[in-house]
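Student: I am new to reading structures, and I would like to learn how to look at one. Could we go through it together, feature by feature?

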Amino acid sequence: MQVIVDNLDAFGRGAWGTIVLFFWSTLGSLVLGTLLAVFRVSPSPALRAVGTIYVNLFRNTPLTLIMVFCVLCLPILQITFTEDSGRQYRAYAVLALVAYTSSFVCEAIRSGINTVPVGQAEAARAIGLPFTKVLSLVVLPQAFRAVVPPLGSILNALLKNTSVASAANNFELISAMRGLVEQNGNAVIAVLIGTTVTYVVLALLLFAGVEVLERALDRDRKGARA
Amino acid sequence: MSSRIDSVLYDAPGPRARRLNAVLTVVGVLVIAAVVGWVVWKLEAAGQFSASLWSPFTYSDIQTQLAAAWWETMKVALTAIALSIVLGAVLAAGRLSTSAALRRVAATLVTLFRTPPVLLLMFWFFYGARGQIPLFWCAVLGLTIYNGAFLAEILRAGVQALPKGQAEAGLAIGLTPGQVLWTVQLPQAVRSMLPSLVSQIVVILKDTALAYIIGYSELLRWGQQAGSFYFNLIPAFIVIAVVYVGTNMVISALAKVLERRMSTHTAARVTPQAATAQAGAAA
């Protein structure tokens, strides 16, 4: 176990890389996923079709394929974001994670919209709100509440999926682990345990965060009822 | 179904709304067409539409290789699916057992198995055994452990959603709790949870691509190597993406047929929503 103590900084940098990837991918996929969900319930058949095609395409494609495509093929197409190659690879990895995760976020939000009682939308329409306001003021805020638990498991999957970014020249926990394994051939099991424990800690932190959010949203609702 | 709320979000459109919808549709389609057009323009600018890049896929030996690579992926997927169904059923039986100790052990294993990334589990077998385990089995075992835990949770949720009377009737005619679980509850849970089970199977199929990272030669690796060899990476990736998406869609379609056939045998209707929320959208 000495190897873990000696290499705490490597685990720390690996974990930080994972957290940074997770943070930007969460932000991106929440935005794109919500937009796609709006497309999928919109009155325009064309937009609905776009949403459906996107979701079916990206949900059925392996994340590793999307990741490797971004890293190997986007440079061929001269699609670049920065000069700095480290940031460039991170941007590709985040792009792949966002493209993949958005389809799951979209489906979670869409089924969240379905859990909002019909009366809510009817009441909103009855007081004369247009479609955009029915969605943004009445239906979506309630849908988000119903969406928190499934969104929690999507984010949990996203946290684990950041490991695929190790195939895209990103420094995160798996890359850190592979480096340590190569340097410490006699303490492989300890390195594996260290990596697993770090993932468990990150997952627990995420779980606690989702729990807090859930309780906060619940309190809001109770406040509104009183 | 979405139709329930879709129809209530907006009225049957009047003339003004129809005009607005038409405008929005046009704007939306234009924006999306612009995005697609930009991608096509980028592809064209990089010369990706030239026939020489695509023609290798018309050669019969390339097609044979593609089929062989696809079969490598399917071998990993099918083995992992079979093993994780077994593991899932055993873990679910453990979590539903009458022995508190067994329940605790199974619950711990489930949590342990599904917290780390699949990729890390594969590396456990790869590095942990110092390369003694063939790459095929590193991939299969990693997938099995991870997805077995998820399948266990799906099955458990399915059993718990069954009406109490099912287990009570089984016990009343003298079956042991174990017999009730294996002959009465689990078969019904499998039928009612079929949608969630199938999406987990699609997850397994997609995650076989992770074997690329530990260095196993499957579809993705073949695509990357063929693409490097013929200098047609982008067409190669598009071709294998089509193969993956096609395979997954066929599985989903088969599942729908199976579901329709099986639904007539289900004693109890169970809504999979609660369980799906628990099982989550995994990797």
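Student: How many helices and strands does the secondary structure of chain B have?

Tutor: A good way to begin is to list the elements along a chain. This is a predicted model, and in it chain B comes to 14 helices and zero strands. Reading from the N terminus, every symbol is therefore an α: α-α-α-α-α-α-α-α-α-α-α-α-α-α.

Student: And how many helices and strands does chain A have?

Tutor: Chain A has nine helices and zero strands. The C-alpha trace of chain A spans about 70 × 45 × 30 Å along its principal axes.

Student: How should I judge confidence? What pLDDT does chain B average?

Tutor: Look at the average, then at the weak stretches. Chain B averages a pLDDT of 85, and 89% of its residues score at least 70. Residues 274-283 of chain B are a stretch to read with care: the pLDDT there is below 50, although the stretch has 36 contacts in the model beyond near neighbours in sequence. For the model as a whole, the scores are ipTM 0.86 and pTM 0.85.

Student: Which domains does the assignment give for chain B?

Tutor: Domain 1 covers 3-45 and domain 2 covers 59-279. Their centres, taken over C-alpha atoms, are separated by 37 Å.

Student: How do I read a single helix such as α2(B)? What is its reach from first C-alpha to last?

Tutor: Compare the reach with what the residue count leads you to expect. α2(B) has 31 residues and reaches 43 Å, close to the 45 Å expected at 1.5 Å a residue. After α2(B) comes Gly47(B), with a positive phi near 70°.

Student: Does burial tell me something as well? How many of the residues of α2(B) are buried?

Tutor: The idea is to count the C-beta atoms around each residue, with 20 or more within 10 Å making it buried. In α2(B) the number buried is zero out of 31, so this helix lies largely in the open. Across whole chains, buried residues make up 39% of the 283 residues in chain B and 46% of the 226 residues in chain A.

Student: Let me try single residues. Is Thr98(B) buried or exposed?

Tutor: Thr98(B) is exposed, because the count finds 10 other C-beta atoms within 10 Å, and 12 or fewer is the cut-off for that class. Thr98(B) sits in the loop between α4 (60-95) and α5 (100-114) of chain B.

Student: What about Ile214(B), and which residues does it touch?

Tutor: Ile214(B) lies in helix α11 of chain B and counts as partly exposed, with 17 C-beta neighbours inside 10 Å. Not counting residues up to four places away in sequence, Ile214(B) touches Met122(B), Phe123(B), Phe126(B), Leu135(B), Cys138(B) and Ala139(B).

Student: Which residues touch the most other members of the largest nonpolar core?

Tutor: In this core of 132 residues, they are Met67(A), Ala96(A) and Met122(B). Ala96(A) is in contact with Leu63(A), Ile66(A), Met67(A) and Cys70(A), leaving aside neighbours within four places in sequence.

Student: Now for the place where the chains meet. How many residues does each chain give to the contact?

Tutor: Start with the counts, then ask which elements supply them. The contact takes 48 residues from chain B and 54 residues from chain A. On the side of chain B, the elements giving two or more residues include α1 (3-9), α2 (15-45) and α6 (118-128). The most comes from α13(B), with nine residues. By class, that side of chain B has 35 nonpolar, nine polar and four charged residues.

Student: One last feature: which way does phi point, positive or negative, in Asn169(A)?

Tutor: Check the sign of phi, and whether the residue is a glycine. Phi of Asn169(A) is positive, near 55°, and this residue is not glycine. Asn169(A) is found in the loop between α7 (131-161) and α8 (173-183) of chain A. In chain B, Phe231(B) also has a positive phi, of about 50°, although it is not a glycine. Phe231(B) lies in the loop between α12 and α13 and counts as exposed, with 12 C-beta neighbours inside 10 Å.

Terms used: Residues are numbered from 1 along each chain as its sequence is written. Chains are lettered from A and ligands numbered from 1 in the order in which they are written. This is a predicted model: local features need pLDDT of at least 70, side-chain atom pairs count only at pLDDT 80 or more; totals for chains, interfaces and linings use all residues. Domain bounds come from an automatic or database domain assignment. Two residues are in contact if their C-beta atoms, placed from the backbone, lie within 7 Å. Helices (H or I, at least four residues) and strands (E, at least two) are DSSP runs, numbered from the N terminus. Ala, Val, Leu, Ile, Met, Phe, Trp, Tyr, Cys and Pro count as nonpolar, Asp, Glu, Lys and Arg as charged, and the others, Gly among them, as polar. A nonpolar core is a set of buried Ala, Val, Leu, Ile, Met, Phe, Trp, Tyr and Cys residues joined through C-beta atoms within 7 Å. The expected span of a helix is 1.5 Å times one less than its number of residues. pLDDT is the predictor's confidence in each residue, from 0 to 100.
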